[in-house]
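Biologist: I'm new to this one, so could you walk me through it? I'll ask, you explain.

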Amino acid sequence: MREERADHHTGELLAEAASLLSAHTSVLNSVALRLLAIEGRVADLSAGAFREQQAPRGNNRWRGSLPSECGSKTLASAPKIQLLAIHGVDGNTSLLELALLASLAKLSGARALFEFGTFDGRTAVNLAANCAPGGKIFTLDLPRAQADATLLPLDERDKVYIDKPAPGLRYKGTPFEASIMQLHGDSAAFDFSRFCGAMDFVFIDASHKYEYVMNDSRVALRLLRNGRGIIAWHDYTKWWDGVVRALEELHATEPKLAGMRHIEGTDLAYARVE
Amino acid sequence: MAESNHHELGVQACRDGRLADALPLLERSLLERETSERWNDWATVQLLSGRQGEAEVGYRRALQMDAGNTEAAENLGALLASSARPLEALRSLDGLSKQSQRVEQLRALCRETLAAQTASDAAGNERLQRRLAHAMTIQAGATANLWLRALALENALSYLAAPHESAAAPLPPIIPTIHADEILPDSEAVELMAVVSIDSAALRELCLLIQICRKQKARRIFEIGPTDWQSARSLAHAAGDGSELFMLTPNRPGTGSARGAQSDHRIVQLVGDSASFDFSSFFNSIDFVFMDASHDHEQVLHDSRAALRLLRGGKGMVAWRNYSSEGPGVIRALNELFVSDPHLADMKHIEGTSLVYAKVSHEPGDN
């Protein structure tokens, strides 16, 4: 009981700490990891003994105002999936989230998938491994050189994920590279016209700024074939208030996204758009 | 613009999180007039921007100008302490008032860091890591120390840590480690039956087990003590058509969710406790034994001995879970087996997981 209460209290302190952190570059990158590690260690302090260096668990017990459901409800049946590049770093989805996304892609039979925010391409390669045969993944990433010239404001904390020599390094050299098309640009300025009405599945995991999540989500609705398909978002968590605000607003005001759900125990939200 | 404004504006910008604006303002204010206080604030913005080297220079300059600048001394001490430089940190904190709780905490941290650095054992390193994490929680009072204040988890951590200071020294893991990438490189995929309610660490372990199973071409698998079906489904799938997977699950009702697994004819559920189960009809017939059962030291030893007898011709693969702080009894047992049993001399601990596995290739001798 005491541990749970302290856990919750620490969780709140962490949230407050994270929101106070207002700048970053390499400091945030490592501090965020360290904060996650502390959160993971909080439970272990009561066990006392050592804990080996594990990847941060990112157990998300937090719930916002989006209706939530557990993973077993999200997936009507458990399909067979393939997973690769299982090792995760700061900026990736958790392995469970990756498995859920892969499963959603598989179950939906998606043939054309669009991703906002490639980062290292770990999600893209897993979507490629699990979409319908012959399927294609289009993934859009903001080039480092354009980070200071985006049409909409970025969240300062986004910059560390933008600052890399090239996106998608983890799908290069895999058997799925040929099914992935890397696009470069600012999602607020990019010309999506040839992709509109052609996608079955959209994953939004780019800038965490409210304005961008709103922008990317509205674009996503236009990308869907006949306005139908699945949209999924990452980072629906108290650490990223821009995402939370945008998703909760969209859920409340956009009729097509009334079915948006938070998948319990993860930072994923998704909606089946009919 | 009046001189004092640059400094004030710089501090305000820092508070608002506009570090890119704060820095030139503070530099401007320093050019106009160098003061210890301004150096301290400049250094803090550097620290917030991730430039620890510059921050250190700034704090030292602040102290050069005014040795009585306690805030700069504390900040420097905290920076050095959290960079695992306890001796220098202590020097910086020297002479600061013993009345300040923060200073006393920093000093205690430094002493402990020193002790851990000189001890240089696994347990010491872990304490050091914990203390370094604790260092980041030391609260700062003053304005510009946004970063330090932001990391104030001190209350929660010390509350949790305090009753456990006297915990027995943890057991060091002695089994040689292998990197997960050596077993499952980034570019290789594993197939699994989708999982919905397993945490990411366990999922990662499952992927590794599947890979080990596949590489071993295991056809008959025995799982001792798993409490859910998710791993069984994926392992049976990896083993392929015509394979068999025996699950010995504890004698508890409602063990795990059997969704989908009942339709997999490869999976045979045996209900029982490994302590009393009669394994003899399975002796000499299994390719891969996976133990995820008891955390009790004696029981793990018992299960492991049984596992060796299960292996077909005494050859195959055995693996265990919970070689971690959650299973000190498992650590003890596996450490003992590693040291004393020649069949298990090949044990490897997969770094970053609680998995240990061993390829067994000798004839089983007398156990």
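Biologist: Let's start with a pair: are D155(A) and R157(A) buried or exposed?

Modeller: Keep in mind that this is a predicted model. The side chains of D155(A) and R157(A) meet in a salt bridge, 3.3 Å from N to O. Buried here means under 20% relative accessible area. D155(A) falls in that class and so does R157(A): both are buried.

Biologist: How many salt bridges are there over all chains?

Modeller: Side chains of opposite charge can pair when their charged atoms come close. One network of such pairs links D120(A), R170(A) and D186(B). Over all chains, the salt bridges come to 24.

Biologist: And E264(A) and R63(A), which meet in a salt bridge: how many residues apart are they?

Modeller: Their N and O atoms are 3.6 Å apart. E264(A) sits in the loop between strand 8 and strand 9 of chain A, while R63(A) sits in the loop between helix 2 and strand 1 of that chain. The pair links distant parts of the chain, and the separation is 201 residues.

Biologist: Which class of accessibility does R63(A) fall into?

Modeller: Its partner E264(A) has 31% relative accessibility, so E264(A) counts as partly exposed. For R63(A) the relative accessible area is 52%, and the cut-off for the top class is over 50%. That makes R63(A) exposed.

Biologist: Over in chain B, which residue forms a salt bridge with R214(B)?

Modeller: R214(B) lies in helix 12 of chain B, and its partner is in the loop between helix 11 and strand 2, so the pair ties together parts that are 26 residues apart in sequence. R214(B) is partly exposed at 35% relative accessibility, and the partner is partly exposed at 26%. With the closest N and O atoms 3.4 Å apart, that partner is E188(B).

Biologist: Now the sheet in chain A: which strands stand at the edges?

Modeller: Eight strands form an open sheet with mixed pairing, in the order 1-8-9-7-6-3-4-5. An edge strand has a single partner, so one side of it is left without a neighbour in the sheet. In chain A those are strand 1 (68-69) and strand 5 (180-184).

Biologist: In strand 6 of chain A, what is the bridge partner of F116(A)?

Modeller: Strand 3 (residues 112-116) and strand 6 (residues 201-204) of chain A run parallel, joined by four bridges. In one of the pairings, the partner of F116(A) is I204(A).

Biologist: At about what angle does helix 7 of chain A run to strand 6?

Modeller: Helix 4 (residues 95-108) of chain A packs on the sheet too, and its direction makes about 165° with that of strand 6. Helix 7 (residues 210-223) lies across strand 3, strand 6, strand 7 and strand 9 of chain A. Its angle to strand 6 is about 175°.

Biologist: Why is helix 13 of chain B largely enclosed by the rest of the structure?

Modeller: What covers its buried residues includes helix 12 and strand 2, strand 3, strand 4 and strand 5 of chain B. Among the buried ones are L235(B) and A239(B). Helix 13 is largely enclosed because, of its 10 residues, the number buried is eight.

Biologist: How are helix 14 and helix 15 of chain B placed, parallel or oblique?

Modeller: Their axes come within 8 Å and cross at roughly 45°. The crossing is right-handed, and the contact includes V300(B) and L301(B) of helix 14 and L334(B) and L337(B) of helix 15. Given that angle, helix 14 and helix 15 of chain B are therefore oblique.

Conventions: Residues are numbered from 1 along each chain as its sequence is written. Chains are lettered from A and ligands numbered from 1 in the order in which they are written. This is a predicted model: local features need pLDDT of at least 70, side-chain atom pairs count only at pLDDT 80 or more; totals for chains, interfaces and linings use all residues. Side-chain values use heavy atoms; hydrogens and water are left out. Buried means under 20% relative accessible area, exposed over 50%, partly exposed in between (1.4 Å probe, protein chains only). Helices (H or I, at least four residues) and strands (E, at least two) are DSSP runs, numbered from the N terminus. Contact means heavy atoms within 4.5 Å. Two strands pair if DSSP finds at least two bridges between them. Axes are lines fitted to C-alpha atoms, for helices over the stretch in contact, and angles run from 0 to 180 degrees between N-to-C directions. A salt bridge is a side-chain nitrogen of Lys or Arg within 4 Å of a carboxyl oxygen of Asp or Glu. Angles under 35 degrees count as roughly parallel, over 145 as roughly antiparallel, 65 to 115 as roughly perpendicular and the rest as oblique. A crossing is left-handed if the near helix is turned anticlockwise from the far one by less than a right angle, and right-handed if clockwise.
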